[in-house]
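Biologist: Before I trust any label on this protein, I want the reasoning behind it. Can we go through it together?

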Amino acid sequence: MAREYSQKAALVTGGAQGIGTAIASLLAARGYRVAVADIKPVELDRMLFIRCDISREPAVRACIGRAVKHFGRLDALVNNAGIASPDNGPVEKLALPEWNRRIGVNLTGAFLMTKHAAPHLRRTRGAIVNIASTRALQSEPNTEAYAAAKGGLVALTHALALSLGPRVRVNCISPGWIAHAAVKKKDHAQHPVGRVGRGQDVAELAAFLLSEAAGFATGQNYVVDGGMTRKMIYV
Ligand code: NAD
């Protein structure tokens, strides 16, 4: 038991699929004991699954309690879960419950997780990574709720870095287009790096930001988008 407790522990929200699974798997490969919190049940090799709706505080409190009880500690929190589709339709038709649902999951969820994880992360001098989006910085039409939530997450990151420092570092990653299935040739070609992103691209950066090698980095938003936000696109 003592040996288990000396091994670092990470909690990844939304780890049942996509970017979250890539992050959880890489952290496990790098030696963390990993818990995945998601509303969608999944069996992940050698990981603890905790069913949790991150927008509900009692569920979040129970989730953190269960992870800490299981691992005896918490060193890393990755706030990745989200309603990943940015489309919410014309603003004139955007219903308040739909706006609240997106803010509730994509922004409040990270606040709740952090609130309940903070005492444990302080103890271990841990770190947090929030997964925002390049949509925190630029937009297509009809994506107000998603953009506002992700912009809020970038701001929440620097606020938390000041409040939880110096013991806990808090950083944010803003991915561009991360594909989970095949995409067209032209979609790859429009990226300055020549391809669309993969979950692994985000996972590598998250693992670095959580590690002691990133000890001088806090409060920042790191864009990983194959260069798309640096490309001039005037027609
Ligand atoms: P995904 O939809 O494949 O996975 C999201 C996961 O979050 C799912 O497993 C889902 O069940 C879970 N989830 C949703 N609501 C939840 C809730 N209330 N409580 C707990 N879990 C919940 O999405 P993805 O593409 O892997 O994206 C992961 C994160 O990265 C999201 O925050 C998304 O906004 C962000 N992101 C994705 C992209 C992209 O191109 N894929 C780009 C930028 C940012």
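The talk below takes up the cysteines, the core, the ligand and one loop residue.

Modeller: Keep in mind that this is a predicted model.

Biologist: Understood. How many disulfides are there by your rule?

Modeller: The count comes to zero.

Biologist: Why is Cys52 not bonded to Cys63?

Modeller: The cut-off for a disulfide is 2.5 Å between cysteine sulfur atoms. The closest cysteine sulfur to that of Cys52 is in Cys63, at 4.2 Å, so it is too far for a bond. Cys63 is likewise in no disulfide.

Biologist: What makes you call Cys52 buried?

Modeller: Its relative accessible area is 4%. Buried means under 20%, so Cys52 qualifies. Cys63 has 1%, so the label buried holds there too.

Biologist: And why is Glu43 called exposed?

Modeller: Exposed means over 50%. Glu43 has a relative accessible area of 79%, so it passes that cut-off. Glu43 sits in the loop between strand 2 and strand 3.

Biologist: How far is Glu43 from Ala206?

Modeller: In sequence, 163 residues; in space, 22 Å from C-alpha to C-alpha.

Biologist: Now the interior. Which residues have the most contacts inside the largest nonpolar core?

Modeller: Leu11, Cys52 and Met113. That core has 37 residues. Several elements each supply at least two of them, including strand 1 (9-13), helix 3 (57-71) and helix 4 (96-124). Another core, of 30 residues, lies apart from it, with Phe49, Val78, Ile173 and Ala206 among its members.

Biologist: What does Leu11 contact, leaving aside its neighbours within four places in sequence?

Modeller: Its partners include Ala35, Val36, Cys63, Ile64, Leu74 and Met113.

Biologist: On to the ligand. Which residues are closest to it?

Modeller: Gln17, Asp38, Asn80, Tyr146 and His180 are the closest of the 26 residues that surround the ligand.

Biologist: What makes the pairing of His180 with the ligand a polar contact?

Modeller: A polar side-chain atom of His180 lies 2.8 Å from an oxygen atom of the ligand. The limit for N or O atoms is 3.5 Å, so the pair counts. Cys52 uses a backbone N or O atom, 3.3 Å from a nitrogen atom of the ligand. A polar backbone atom of Gly176 is 3.4 Å from a ligand oxygen. Both distances are within 3.5 Å, so both pairs count.

Biologist: How much of the ligand does the protein bury?

Modeller: The protein buries 88% of the 830 Å² that the ligand exposes when taken alone.

Terms used: Residues numbered from 1 in each chain as written. Predicted model: local features only at pLDDT ≥ 70, side-chain atom pairs only at ≥ 80, totals over all residues. Heavy atoms only, no water. Core = buried A, V, L, I, M, F, W, Y, C linked by side-chain atoms within 4.5 Å. Buried < 20%, exposed > 50% of the residue type's maximum accessible area, 1.4 Å probe, protein only. Helix = DSSP H or I, 4+ residues; strand = E, 2+ residues; numbered from the N terminus. Contact = heavy atoms within 4.5 Å. Near = heavy atom within 4 Å. Polar contact = N/O pair within 3.5 Å; in protein donor to acceptor, adjacent residues only side chain to side chain. Areas by Shrake-Rupley, 256 points an atom, 1.4 Å probe, with all protein chains shown as cover.
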